[in-house]
Amino acid sequence: ATRPPAGARRMGRLNPHKPVRIVVILKPGVPRADIRAAKPPSGYRRADLARFLAPSPADVSRVAAFALRSGLRVVGYSAVMHNLTLEGSAMAVERAFAVKMHVHRSSRVSFHGVENDIVLPAEIADSVLAVVGLDGVPIAGAQTCLPRHQQFAYSPLELAEHYRFPQELDGSGQRIAIFSFGGGYWNADLDYYFRCVLNIPTPRVTPYSLGAGNSPLPRHDLGTILGRLAQGEDPAELEKQYGADFEHAIMDLETTQDIEIAGAVATGADIDVYFSRGDALGYYWSIYAALGLTGPPRPLPAAISISWGVSESVGHLRSGTALIIQSALEMAEFLNVPVLCSSGDFGSSGGSPDAGDLATVTFPASSPSVTACGGTQFREDSGGSRVEQVWHDRYLGADMASGGGISGFWPRPSSVSYT
């Protein structure tokens, strides 16, 4: 059942005639645990994974027949994702899975959800692992600190020099996949930053739309909001004044700076930006698309960058959503594609009021299949040397710090068993 985030209100039943698209994940032909145990050091090929994971024809037939009897259409099948995509009216979906669908409204977005747990008919219960798409609760927040005037700042080029990034390597012939779950970027902003600020060529940036597109605020509005933030105005007051546009501006900032930092350090790499909704299906499709496992064929990326996330403490993440996203992240692990995720800017609280006094971490940074990236800051010691330490700050009365800690979902990997 849907566990709406704090502050969300139920607005009423979903229009029974509204088209709904869901994904039914079937049991794979070979258990994932066996695939993980046999993984070669070089990783699997995509064709190998499609062969191992393809569900049994009998399971596919059973679920497809159930869908047709329920008034749903089968609009897609994937062997490597071991799923069927179904589409139909909200009324048909409710009858098929014995649920009641409602519309919820939070401060910034409307979404649909169900008020009771899904019931699988006996004839398909042993064939199905999960049903995704009945719950559209947003689980992707931009993990970025707000802009403001800084006495000292470092460009990505200076940071690359500090970390001894090899100058003879520029990413030529490789691709970087960046996820965006809201907002977008302006090409004019990218050109100005790369050519005029850093004096380097603008990289080739390709947007991919997966249920959402590159949709930044008008440049004048975006500049006004971020400019006022940079001058130290209270974000709460600006949010009252600008409403949804304020949140949109922060998402534009996140997407744009992700492109700018990656393009500044890996100047020869192509950058692919995947735009999707910030719910479970959005993560699910974005990961598979970036890996070239759905949609048009494309080379594997050198890395996937995800600067979005949500605290593990939020109720709707505990309803199985994290397991669905984890199953997609595991595919990157099988293919030896590194996934790097922001650990957030809210220290041990995860930025969620649901945590109370408990320490928590951010997902998907907490996933055992990704590398979590925290934040650091520099200071100069008495001898003038640059010293690096964990980033922490206080901004307009709020404590902010690099996220991190121990996951409540996943066991600690052996690499950090000493903590």
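Phe181 and Trp308 are both buried, and these two residues offer a starting point for reading the aromatic contacts of this predicted model. Their ring centres lie 6.0 Å apart with the planes at 90°, so the two rings meet edge-to-face. Phe181 belongs to the loop between strand S9 (175-180) and helix H7 (187-197), while Trp308 is part of strand S13 (residues 308-311); the pair therefore ties together parts that are 127 residues apart in sequence.

The contact between Phe181 and Trp308 also has a wider setting. Ring pairs link both residues with Phe179, Tyr208, Tyr274 and Tyr283 into a cluster. One member of this cluster, Tyr208, has a charged neighbour as well: Arg298 lies over the face of the Tyr208 ring, at 4.5 Å from the ring centre.

In total, the structure holds 15 aromatic pairs. Another of them is formed by Phe409 and Trp410, whose ring centres are 6.0 Å apart and whose planes stand at 90°, so this pair too is edge-to-face. The two partners fall into separate accessibility classes, for which the cut-off for a buried residue is under 20% relative accessible area. Trp410 has a relative accessible area of 13% and is therefore buried. Phe409, at 21% relative accessibility, counts as partly exposed.

A charge over a ring is also found at Phe378. Here the charged end of Arg386 sits over the ring, 5.3 Å from the centre of Phe378.

Technical notes. Residues are numbered from 1 along each chain as its sequence is written. This is a predicted model: local features need pLDDT of at least 70, side-chain atom pairs count only at pLDDT 80 or more; totals for chains, interfaces and linings use all residues. Side-chain values use heavy atoms; hydrogens and water are left out. Rings of Phe, Tyr and Trp (its six-membered ring) pair if their centres lie within 6.5 Å; planes under 30 degrees apart count as stacked, over 60 as edge-to-face and the rest as tilted. Helices (H or I, at least four residues) and strands (E, at least two) are DSSP runs, numbered from the N terminus. Buried means under 20% relative accessible area, exposed over 50%, partly exposed in between (1.4 Å probe, protein chains only). A charge sits over a ring if NZ of Lys or CZ of Arg is within 6 Å of the ring centre and within 35 degrees of the ring normal.
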